[in-house]
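Me: Got a minute to go through a structure with me? I'd like to talk about charges, the core and the odd backbone spots.

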Amino acid sequence: MKNRLKDLREDNDLNQKELADVLGVHQTTYSSYEISKLSLTADVLIKLAKYYKVSVDYLLGLTDVTKPYPKSNRP
């Protein structure tokens, strides 16, 4: 997962501080996510998936398909 976070960030020409601001965390916290020193919470995973327009499964390394799942129409 750590490589995916770094690769996505670099592919989008972002630095750690910029992405930390998007997530509402300190740069050092984001850096810890990227090197797997801290585990990502479900909220952070969802924010990252929405921001990058990828699935949470992709971020977690469970699939190589980047396309997010369609939204559910359930209430």
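What follows is a short chat about this predicted model.

Me: Let's start with charges. How many salt bridges does a search of the whole structure find?
Reply: Three turn up when the whole structure is searched.

Me: Which residue does Asp64 meet in a salt bridge?
Reply: Arg4, with an N to O distance of 2.5 Å between the side chains. That pair links distant parts of the chain: Arg4 sits in helix H1 (residues 2–11) and Asp64 in the segment after helix H5 (56–60), 60 residues apart.

Me: And is Asp64 buried or exposed?
Reply: Asp64 is exposed, at 64% relative accessible area. Its partner Arg4 is buried, with 18%. The cut-off for buried is under 20%, so Arg4 falls on the buried side.

Me: OK, what does Arg9 pair with?
Reply: Arg9 makes a salt bridge with Glu34, 2.7 Å from N to O. This one also joins distant parts of the chain, with Arg9 in helix H1 and Glu34 in helix H3 (residues 27–34), 25 residues apart.

Me: Are those two buried or exposed?
Reply: Arg9 is buried, and Glu34 is buried too. Glu34 has company in H3, where Tyr30, Ser32 and Tyr33 are also buried.

Me: Which residues form the bridge at 2.8 Å?
Reply: Asp21 and Lys17, again taken from N to O between the side chains. They are four residues apart in helix H2 (residues 16–23), so about one helical turn separates them.

Me: How accessible is each of them?
Reply: Asp21 is partly exposed at 47% relative accessibility. Lys17 is partly exposed as well, at 46%.

Me: Staying with charge, which residues gather in the negative patch on the surface?
Reply: Asp7, Glu10, Asp11 and Asp13. Asp7 belongs to helix H1, and it counts as partly exposed at 41% relative accessibility. Asp13 is in the loop between H1 and H2 and is exposed, with a relative accessible area of 68%.

Me: What's odd about the backbone at Asp13?
Reply: Asp13 has a positive phi of about 55 degrees, and it isn't a glycine. Most residues other than glycine have a negative phi, so a positive value is worth a look.

Me: Where is Ser36, and what phi does it have?
Reply: Ser36 is in the loop between H3 and H4, and its phi is positive at about 60 degrees although it is not a glycine. That puts the positive phi just after H3.

Me: How accessible is Ser36?
Reply: Ser36 is partly exposed, with a relative accessible area of 43%.

Me: Changing topic: how many residues are in the largest nonpolar core?
Reply: It has 17 residues. Those with the most contacts inside it are Leu5, Tyr30, Leu40, Leu48, Tyr52 and Leu59.

Me: Which elements give two or more residues to this core?
Reply: H1, H2, H3, helix H4 (42–52) and H5. H4 gives the largest share, with five residues.

Me: Now the loops. Where's Val25, and how accessible is it?
Reply: Val25 is in the loop between H2 and H3. Its relative accessible area is 22%, so it counts as partly exposed, since buried would need under 20%.

Me: What C-alpha distance do you get from Val25 to Ala42?
Reply: Their C-alpha atoms are separated by 14 Å, and the two residues are 17 apart along the chain.

Me: And where's Thr41?
Reply: Thr41 lies in the loop between H3 and H4. It counts as partly exposed, with 42% relative accessibility.

Me: How far is Thr41 from Lys53?
Reply: The C-alpha atoms are 18 Å apart, and the residues are separated by 12 positions along the chain.

Me: Back to H1 for a sec. Which salt-bridge residues does it hold?
Reply: Arg4 and Arg9. Arg4 goes to Asp64, while Arg9 goes to Glu34. H1 also holds Asp7, a member of the negative patch.

Technical notes: Residues are numbered from 1 along each chain as its sequence is written. This is a predicted model: local features need pLDDT of at least 70, side-chain atom pairs count only at pLDDT 80 or more; totals for chains, interfaces and linings use all residues. Side-chain values use heavy atoms; hydrogens and water are left out. A salt bridge is a side-chain nitrogen of Lys or Arg within 4 Å of a carboxyl oxygen of Asp or Glu. Buried means under 20% relative accessible area, exposed over 50%, partly exposed in between (1.4 Å probe, protein chains only). Patches are made of residues with over 30% relative accessible area and no salt bridge: like charges are joined within 9 Å, nonpolar side chains (Val, Leu, Ile, Met, Phe, Trp, Tyr) within 5 Å. Accessible areas come from the Shrake-Rupley method with a 1.4 Å probe; for residues, only the protein chains shown count as cover. Lys and Arg count as positive and Asp and Glu as negative; His and the chain ends are not counted. The place of a charge is taken as NZ of Lys, CZ of Arg, CG of Asp or CD of Glu. A nonpolar core is a set of buried Ala, Val, Leu, Ile, Met, Phe, Trp, Tyr and Cys residues joined through side-chain atoms within 4.5 Å.
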